[in-house]
Amino acid sequence: MEASHFLQSGRSFAATLAHSRHAHEHNKLRHCSIAAVLTRPAENINIATGKSRTIIIPADVVTGAEEKSRIYNDNWFDRMAINHLSQNVQAATGLKNNKSGFESLVEAATAASRKFNPAKQRELVIQALDSAFPKPIFSLLRAILPQSKFAREYFAIFTTIFFAWLVGPCEVRESELDGRKEKNVVYIKKCRFLEETSCVGMCINMCKMPSQSFIKSSLGTPVNMVPNFDDMSCEMIFGQDPPELSNDPALKQPCFKLCKVNQRHNTNDCSK
């Protein structure tokens, strides 16, 4: 009788224990489901697949060439300006293409970088800029806006408004020049041209160097363009003379591994 009562009590205890364990697992699963709902959405992460495993990388730590390209919605003015410059680059180099929009400009620049040495590339881009932008307007601006704080700040604002189609979103920032604060810097968050080409050599020889020369000769104001090849940003500092070609830090930068020009590039290539 006592044995039977003890056996029945043991069975009741086992059933209670099983029920409690089941309830614990259910609550654990329920909390996991709630936590899963509260985690970062899938579209905010990038997934890089290796040979043996899949690694999940947060989107906010992916930088440079690995970051997804920005999508540009060019308006009618942007498209007109892009096609105009592309046609002038093609005319200067003699290398035509049938593409349109920014793709046409990148193709024109890429073809030139493959065919001509760096010195010739810079010369041809300056020739294209001279043809693309009317000299009378620049001569007038140079006459009414001699070198001054007002002129440098004006050129910085002008660049952010009328040249975002070429370099991407940008803003005016402050710097110190000759001991005074001026809003003479154009900060380009991520250069559209550099992003599309992923080529340090093209940035230097088909944008930075010829643009510095063209702006100085056309507007009478020096400008130093300082690209950051880690995040593809750039600063245009109006009123600051750029360093000599042989001493420019930009020329000491090797090209990206994902260079779309598919040519070998080293730190000596750009100055030849």
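Accessible areas come from the Shrake-Rupley method with a 1.4 Å probe, and on that basis the protein in this predicted model exposes about 16900 Å², of which carbon and sulfur atoms supply 56%.

**View 1. The whole protein, with its nine helices and six strands.** The secondary structure of this predicted model comes to nine helices and six strands. Of the 272 residues in the protein, 40% are buried. Among contacts in the protein with a separation of 6 or more, 58% are accounted for by residues that lie 24 or more positions apart.

**View 2. Helix α3, residues 101-115, and the elements that cover its buried residues.** Helix α3 has 15 residues and reaches 22 Å from its first C-alpha to its last, which is close to the 21 Å expected at 1.5 Å a residue. The buried residues of α3 are F102, S104, L105, V106, A108, A109, T110, A112 and S113. The cover over these buried residues includes helix α2 (76-93) and helix α4 (118-132), together with α7 (164-167), α8 and α9 (200-219).

**View 3. E195 in helix α8, and its polar neighbour R70.** Helix α8, which is also among the elements covering the buried residues of α3, spans residues 192-197 and contains E195. E195 has a relative accessible area of 5% and is therefore buried, since buried means under 20% relative accessible area. A polar atom of the E195 side chain lies 3.1 Å from the backbone nitrogen of R70.

Definitions and conventions. Residues are numbered from 1 along each chain as its sequence is written. This is a predicted model: local features need pLDDT of at least 70, side-chain atom pairs count only at pLDDT 80 or more; totals for chains, interfaces and linings use all residues. Side-chain values use heavy atoms; hydrogens and water are left out. Helices (H or I, at least four residues) and strands (E, at least two) are DSSP runs, numbered from the N terminus. Buried means under 20% relative accessible area, exposed over 50%, partly exposed in between (1.4 Å probe, protein chains only). A polar contact is a pair of N or O atoms within 3.5 Å; within protein, one must be able to donate a hydrogen and the other to accept it, and residues adjacent in sequence count only if both atoms are side-chain atoms. The expected span of a helix is 1.5 Å times one less than its number of residues. Contact means heavy atoms within 4.5 Å.
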